[in-house]
Amino acid sequence: MEVAAAIAVGLAAVLVIVSFARTPQAAGWPWIGLINVAVLGWCWCAYLDTRDGGTSTQVHGVWFAFVSFTTIGMYLFARRAVGVPGHPRAALLVLLALEPVLLVALSFADVPWWERQFTLDAGFGGGRGVGYLVHGVFNIALIVLAAAMLGRRADYSRGLLRWSLYGIIAAAVLGVALQAVGADLMQWSALATGLSVHFAYAELSRDPYAAVDPVEIDALTGVLNRAGLERLLIGAVERAERYGEALALMLIDIDKFKSFNDTRGHLAGDTVLTTTARRLAGLVGRGGSVARFGGDEFVIFVTGLDVAHAVSFAMQTVAAASEPIDAPGGPLRPTVSVGVATYHGGTATDLIARADEAMYDAKARGGDTLAVRA
């Protein structure tokens, strides 16, 4: 068994290196990295266990902490996989890290009630303590949450992605089950978790909802055209209705755009359009979509944003769009009016109409601002 554990350590190290090498700039790589580094630690503890003929209380605590970080990473990966934009709040990360940190601290403090209060004959260490109970409940809860989120994604995916997502869940469940009866094969479950996430990432890093046909791309700006917008937005609305996902839409109009064409020429106007589109696409990232709605109007829709986060995002949009633009004839400083609407039932057309009303409210205030239809 010592040889098998040593092999697992080597494979885990390779998995970490490959994952960091292949996904250094990807939005989800910190959580993939957390999973794989935790897998490496998990496998190393398994090696120490077999080499020394038994696990000390301290190594036991560190081992369980690595198990927890594996499932924490899986939960955060699942959160990213379903399109939740941005990084998790600091408060969430602190809350998630509390269990493994306390587990290690109490293990090194060698607290008897933590280690031995709930005694069972099976499993390594000869017994079960409060630590076992807390650790098991914590990890099972994270697996259930991750399974619920990944289940949404798998429902409208296909092929390798579907089975990779199921594999992540199955491997984590297997790890908890093996932990309950013995540690001999736990490191292999850890490797399976890391491998499943790694294989799923290539597909998850693409557009999370649907491939875009070249005919659905606006020739000038490179973002979605009206046809692409309608197709993808209808799908996003259907998912919001079916799964209760938050969905926010912003309609963005460039203020006094006609004056750019009239005073500086159409090339300058085209530069404003292409630069604005590029800036909007950079803000949205992979969590949403940007489309040219028509003329000088753009639409952004993003899943996972409630009203407060949608307003914050729209404020960033107003600020980014007003940055100076290098155009033929000299710099230009456009401003935008943004109408924000969040989904509360109805059709994609209804959502756009509400955002349009809000956008006209913003224009009535003089532009360079936003208005909301919550």
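The protein chain holds 13 helices and seven strands, where helices (H or I, at least four residues) and strands (E, at least two) are DSSP runs numbered from the N terminus. This is a predicted model, in which local features need pLDDT of at least 70 and side-chain atom pairs count only at pLDDT 80 or more, while totals for chains, interfaces and linings use all residues. Residues are numbered from 1 along each chain as its sequence is written, and side-chain values use heavy atoms, with hydrogens and water left out.

**Confidence and overall character**

The predictor's confidence in each residue is given as pLDDT, on a scale from 0 to 100. The mean pLDDT of the protein chain is 78, and 74% of the residues reach 70 or more. Over residues 117-126 pLDDT stays under 50, and the model has 27 contacts beyond four places in sequence for this stretch; a contact means heavy atoms within 4.5 Å. Where pLDDT is low, the predicted coordinates should not be read in detail.

Of the 374 residues of the protein chain, 51% count as buried. Buried means under 20% relative accessible area, exposed means over 50%, and partly exposed lies in between (1.4 Å probe, protein chains only). Among contacts between residues at least 6 apart in sequence, 69% join residues at least 24 apart.

**The five-stranded sheet**

An open sheet of five strands follows the order β2-β3-β1-β6-β7, and its pairing is mixed. Two strands are taken to pair if DSSP finds at least two bridges between them. The edge strands are β2 (288-294) and β7, each of which pairs on one side only. On average, and with direction ignored, neighbouring strands of this sheet are turned by 20° against each other.

Strand β1 (residues 247-254) is largely enclosed by the rest of the structure, because eight of its eight residues are buried. Both of its faces are covered: L247, L249, L251 and D253 are buried on one side, and A248, M250, I252 and I254 on the other. Strand β1 pairs with β3 (residues 297-303) in the antiparallel sense over seven bridges. It also pairs with β6 (residues 336-342) in the antiparallel sense, again over seven bridges. Individual residues of β1 and their partners are set out below.

| Residue of β1 | Partner strand | Residue opposite |
|---|---|---|
| A248 | β3 | V302 |
| M250 | β6 | V340 |
| D253 | β6 | S337 |

**Helices packed on the sheet**

Helix α12 (residues 307-321) lies across β1, β3, β6 and β7, and runs at about 165° to β6. Helix α13 also packs on the sheet, where it touches β1, β2, β3, β6 and β7, and its direction makes about 145° with that of β6. For these angles, axes are lines fitted to C-alpha atoms, for helices over the stretch in contact, and angles run from 0 to 180 degrees between N-to-C directions.

**Packing between helices**

Two packed helices are described by the angle between their axes and the distance between the axes. The axes of α11 (residues 266-284) and α12 come within 10 Å and cross at roughly 150°. R279, L280, L283 and V284 of α11 meet F313, Q316, T317, A320 and A321 of α12 in this contact. By class, the contact of α11 with α12 has six nonpolar, two polar and one charged residues; Ala, Val, Leu, Ile, Met, Phe, Trp, Tyr, Cys and Pro count as nonpolar, Asp, Glu, Lys and Arg as charged, and the others, Gly among them, as polar.

Helices α10 and α11 pack at an angle of about 145°, with their axes 6 Å apart. This contact is made by F257, F260, N261 and R264 of α10 together with H266, A268, G269, V272 and L273 of α11. Its residues divide into five nonpolar, three polar and one charged.

**Individual residues**

K256 is located in the loop between β1 and α10 (257-264). Its phi is positive, at about 50°, although K256 is not a glycine. With a relative accessibility of 69%, K256 counts as exposed.

D368 occupies the loop between α13 (348-364) and β7 (369-373). This residue, other than glycine, likewise has a positive phi, near 55°. With a relative accessibility of 35%, D368 counts as partly exposed.

L106 belongs to helix α4 (residues 90-109). At 22% relative accessibility, L106 counts as partly exposed. L106 and Q58 are 48 residues apart in sequence, and their C-alpha atoms are 8.9 Å apart in space.
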